[in-house]
Amino acid sequence: MIKKIDDMFFLEGKNFSYVMRVSREGFLLHDYIGEKIAPVPYPEDSRGWWCVQTEDADGVCLDELRQEYPGYGHTDLRRPAVSCGPAGLALKYAGHKITDGKPPLPGLPSALGDGAETLTVTLRDKDAKVRAELNYTVYDSYGVLCRSAVITNEGDGSVTLDRAYSASVELPRLGLSEMHLHGSWGRERHIAENRLVPGVYDISNARGGSGHQINPFVIVKDSLATEDSGFCLGIMPVYSGNHSTEIEVDQRGRTRINSGINPFMFEKTLAPGESFTTPECLLAAADGLGELSRTFHDFIRERICRGKFARAERPILINNWEATYMDFDEEKLLSIASLAKELGIELFVLDDGWFGKRNNDRCSLGDWVVNLEKLPSGIGGLAEKVNSLGLKFGLWFEPEMVSPDSDLYRAHPDWAVSSGIRAPGLARSQLVLDLTRGEVQDYVINAVNSVLDSANIEYVKWDMNRYVTDMPRKGFNHEYTLGYYRIMSAITDAHPNILFEGCSAGGGRFDAGVLCYMPQIWTSDDTDPMERVYIQYGTSLAYPPSTMGSHVTDGPNQYTRRPVSMNTRGDVALSGNFGYELDITKLPESDLRAIKDQTALCRELRTTVEYGDFYRLSDPFKCNVGGWMSVAKDKSKAYVTFTKMLFEPNSANVQIRLKGLDPSAPYTDRLTGRTYMGDMLMNRGISVQFPHGDFATASMWLIRSK
Ligand code: DGJ
């Protein structure tokens, strides 16, 4: 619901209100975001007493006003949402319209618009000759507000934007903290929390993709807010390139948040009449972190992810990477696939090493032609053989890259990204293709499409294993990201029956932009379940389990050398899109029996895990136990997992309260046969019985018995 009453705009989503007003001087001001309030106008009360400030000719000090899309340099000297040089912008209200649905953002991924309503407010700076159209989209059924901006040069000369954030919000509250997801390869999306005091915080990444280091998701919350209550505002740019969420707490304690493209190394010159469209940014306000996450989870599953797999049960897969690396032949792959079928696995994925002469990672990226020495019947023949075993077939690509030792590079050395002043840096012996160029995009689209059209491929893993360095100009990264999006949409639109999974050296590009094309992403190369408890717990702040690839791998783990039981490996992996990545042909009989049980259990519970409501129960960053549960939307089922990191001698059994169940219903735990009442599980809680030893899990598969 969107209403304009007098000088105020009231926007309402499922569980929140967003209020703006046009000030008496004509500026568009932010007034409120939070729990629903009635759309009834109220007087402006946001201005305080101030001195030592600067006023414009009308006596206005913009530094004093909570603007919806602030500029810098005139009478506001805080960090702006938009800027085109030192003279700055001072944008005033010039009109608005309300439309059904949602305008598409050309060349950019954005949320689906069914069931939405959009307010577009036009702002204009008549002196700078710049117009900004701000889009605000709300949905009756979702607690998310989508924002974007279109900036147009209305003058006769060129205008160079040096920042163009998607959204800006100003909170007048004190006592706020910010939370964000940080990490590295193998340690993605750990949670950081900082008290906000006056100063500027830039939660950003400038490594080419959205990055392992800082995820494009930030929460600004009351410092005392918990999982279950307290003001929490989530901010998520729908963007896979260099991003930034900039928070400025000013001299009077007010908090301005700008979010979108990272202005560092960004620039866009607009010719007269030309426009620039920012990526979309999602905002959600909720009571408690748990509700905030569930709000984003529902929205991501239903309005960001799309296509036939967005709401489908995801197949249980086996990937050959950690089983064979690049040392395989058809016989080896088929031996894994045939045993996989017996164990209840549904999809066989052939990872890196199937093309060119790729027997190591120093060559062949770019040459997407099958290696017939390894696979004499080609990809088509292998797919047929895998299919005849009763499994689907999937294939790995890394199409954004080129190896210097490749036919592609020898033919087009200028297609690699280069600053032009020195040889570009190598990572994993590879260079990045310049996706800003149309002919390079076309090459990638044709090369991938021709493999996909040559065989019965039902799944693709789209990898990207290095940062983008040596960028030749400011603004390059945004152009690269637009090139990546053009490629993704051309390939995924042409193949609606293929399930695509994103990957970037594990979870280095895990964001809502990617999820508009690929409904699941490889969460991390680190599959040690103890590490995964942190990674999956942190990832769940923003993203639902249906987006997280989660596999059982070898024990001891190949990266951490930590020996963890098959049971624990299975329990943790079952909380995402389940699969395996190890040489099952070398496992003892007891592990094979465990895998059969795990795949059978996965088939029972995956709809609940992938599409239920997710509740965090115990924070592994704060104590020795990580705990979470997924509850079916109708509360009829729930899968609960607790993981104890290290065994503690002589400790009491922890008693943990479950969430989200039907209080008046009995639930039977299928794994033990025990029955409990929902209200008892949620109020008293249960004493979790862990097996003796380190790295132990305890799970419950609760089925409502009436
Ligand atoms: C990095 C990915 O994260 C791995 O799963 C695997 O696909 C390798 N790349 C292959 O090179």
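In which loop is Asp6 found? In this predicted model, Asp6 sits in the loop that runs between strand S1 (2-5) and strand S2 (8-12). Asp6 also has a backbone angle worth a pause: its phi is positive, about 50°, although Asp6 is not a glycine. For context, most residues other than glycine have a negative phi, and most peptide bonds are trans.

The second half of that rule has its own exception here. Gly555 and Pro556 are joined by a cis peptide bond, with omega at about -10°. Pro556 has its place in the loop between strand S31 (548-553) and helix H10 (566-573).

The next feature is a pair of helices. Two packed helices are described by the angle between their axes and the distance between the axes. Helix H3 (residues 330-343) packs with helix H11 (residues 589-611) at an angle of about 60°, and their axes are 9 Å apart. That angle makes H3 oblique to H11, because angles of 65 to 115 degrees are needed to count as roughly perpendicular and those under 35 degrees count as roughly parallel. On the H3 side, the contact involves Leu339, Glu342 and Leu343, which meet Leu592, Ile595, Lys596 and Thr599 in H11. By character, the residues of this contact divide into four nonpolar, one polar and two charged.

Finally, there is the ligand. It is surrounded by 13 residues, of which Asp351, Asp352, Lys461, Asp463 and Asp525 are the closest. The shell around the ligand divides into five nonpolar, two polar and six charged residues. Several side chains place polar atoms beside oxygen atoms of the ligand. For Asp525, an N or O atom of the side chain is 2.5 Å from a ligand oxygen. A polar side-chain atom of Lys461 lies 2.7 Å from an oxygen atom of the ligand, and for the side chain of Arg428 the distance from an N or O atom to a ligand oxygen is 2.8 Å. On its own, the ligand has 290 Å² of accessible area, and the protein covers 97% of that.

Technical notes:
Residues numbered from 1 in each chain as written. Predicted model: local features only at pLDDT ≥ 70, side-chain atom pairs only at ≥ 80, totals over all residues. Heavy atoms only, no water. Axes fitted to C-alpha atoms, helices over the stretch in contact; angles between N-to-C directions. Helix = DSSP H or I, 4+ residues; strand = E, 2+ residues; numbered from the N terminus. Parallel < 35°, antiparallel > 145°, perpendicular 65-115°, else oblique. Contact = heavy atoms within 4.5 Å. Nonpolar A, V, L, I, M, F, W, Y, C, P; charged D, E, K, R; others polar. Near = heavy atom within 4 Å. Polar contact = N/O pair within 3.5 Å; in protein donor to acceptor, adjacent residues only side chain to side chain. Areas by Shrake-Rupley, 256 points an atom, 1.4 Å probe, with all protein chains shown as cover.
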